[in-house]
Protein chains: 2
Amino acid sequence: MITGILETALYVNDLDAAEHFYGNILGLEQYSRLGDRSVFFRVGAGMLLLFNAEITAKIESYINGDLIPVHGSVGAGHVAFTVAEAELVTMQAALETAGVEIESVVTWPNGAKSVYFRDPAGNSLEIASGKLWGIDIYD
Amino acid sequence: MITGILETALYVNDLDAAEHFYGNILGLEQYSRLGDRSVFFRVGAGMLLLFNAEITAKIESYINGDLIPVHGSVGAGHVAFTVAEAELVTMQAALETAGVEIESVVTWPNGAKSVYFRDPAGNSLEIASGKLWGIDIYD
């Protein structure tokens, strides 16, 4: 019955830095920000949720009396974003122009390429095309 | 240039338990397993990557000499899966039948519902429809 991933979460220590990085440098569409707790972005048919782990892991919250379960992790998480194969080089150049250090560029056995970099909190980010996994709908 | 999220990662401590839970109980389509390091599932137009954090956070690996950056976190991560609104109740019942404890059911201000539970590693999982975020393509 599961048809996709609706929410992907990463944890950061500086929400202002995350808002700037994901919104202005990666160009994601901001959906909402909740104080120092979270900033949410719409990405295609899903959401990227960035949480201040110190807050979200400790404070239970409720909606109409229903518990929103706590979560939150420490250490580098990982997310890959889909970019059309033909635009990978352009996006890598845009990241470099914006001062983002490219940690690695990997060419996989099937010919797909991944470009790796970090967000300000140290999470491992990647841009790649669906070709990496044989997912063709994006290219 | 980013059109979607291609890879979502969670970290677990028992890869066999994760493989059983995500494959047999949640019914995700397994893509690959790499020893005690990782098990990957295809979910819609993306991939869910489950890593043994102790291994993936410490061991650098290379593809044709190119570094695959390390990552790995400790603590509960979070992923929400997309399920059609009409099938949420059915899926909740299937989870309960399979012995999965439902941690909370939340009705959001816009009427969307979220069903929360945990994977064997303690990650916070959620099933909800795209209605939660005004994403209509699934329903």
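**Exercise 1.** In this predicted model, work out how many residue pairs are in polar contact across the interface of chain B and chain A, and how many salt bridges go with them.

*Solution.* Start with the polar contacts: the interface of chain B and chain A has 25 residue pairs of that kind, both partners at pLDDT 80 or more. Next, look for salt bridges across that interface; the count comes out at zero. Now check who's there by class: the side of chain B that touches chain A holds 38 nonpolar, 20 polar and seven charged residues.

**Exercise 2.** Find the area that chain B and chain A bury between them, and which three residues of chain B supply the most.

*Solution.* The two chains bury about 5,600 Å², with 64% of that on carbon and sulfur atoms. On the chain B side, Met1(B), Ile2(B) and Trp133(B) beat any other trio, supplying 16% of what chain B buries against chain A.

**Exercise 3.** Say which strand of chain B pairs with strand 1 of chain A, and in which direction they run.

*Solution.* Strand 1 of chain A is joined by five bridges to strand 8 (residues 78–83) of chain B, and the two run antiparallel. To pin down one bridge, take Ile5(A): its partner in strand 8 of chain B is Phe81(B).

**Exercise 4.** Describe the contact between domain 1 and domain 2 of chain A.

*Solution.* First, the bounds: domain 1 spans 1–74 and domain 2 spans 76–139 of chain A. Then the contact itself, which draws 13 residues from domain 1 and 15 from domain 2. Together these domains bury about 990 Å², 81% of it on carbon and sulfur atoms. Leu10(A), Phe21(A) and Leu26(A) supply 45% of the domain 1 share, more than any other three residues.

Methods: Residues are numbered from 1 along each chain as its sequence is written. Chains are lettered from A and ligands numbered from 1 in the order in which they are written. This is a predicted model: local features need pLDDT of at least 70, side-chain atom pairs count only at pLDDT 80 or more; totals for chains, interfaces and linings use all residues. Side-chain values use heavy atoms; hydrogens and water are left out. Domain bounds come from an automatic or database domain assignment. Contact means heavy atoms within 4.5 Å. Buried area is the accessible area (1.4 Å probe) that two parts lose on being put together, summed over both. A salt bridge is a side-chain nitrogen of Lys or Arg within 4 Å of a carboxyl oxygen of Asp or Glu. A polar contact is a pair of N or O atoms within 3.5 Å; within protein, one must be able to donate a hydrogen and the other to accept it, and residues adjacent in sequence count only if both atoms are side-chain atoms. Ala, Val, Leu, Ile, Met, Phe, Trp, Tyr, Cys and Pro count as nonpolar, Asp, Glu, Lys and Arg as charged, and the others, Gly among them, as polar. Two strands pair if DSSP finds at least two bridges between them. Helices (H or I, at least four residues) and strands (E, at least two) are DSSP runs, numbered from the N terminus.
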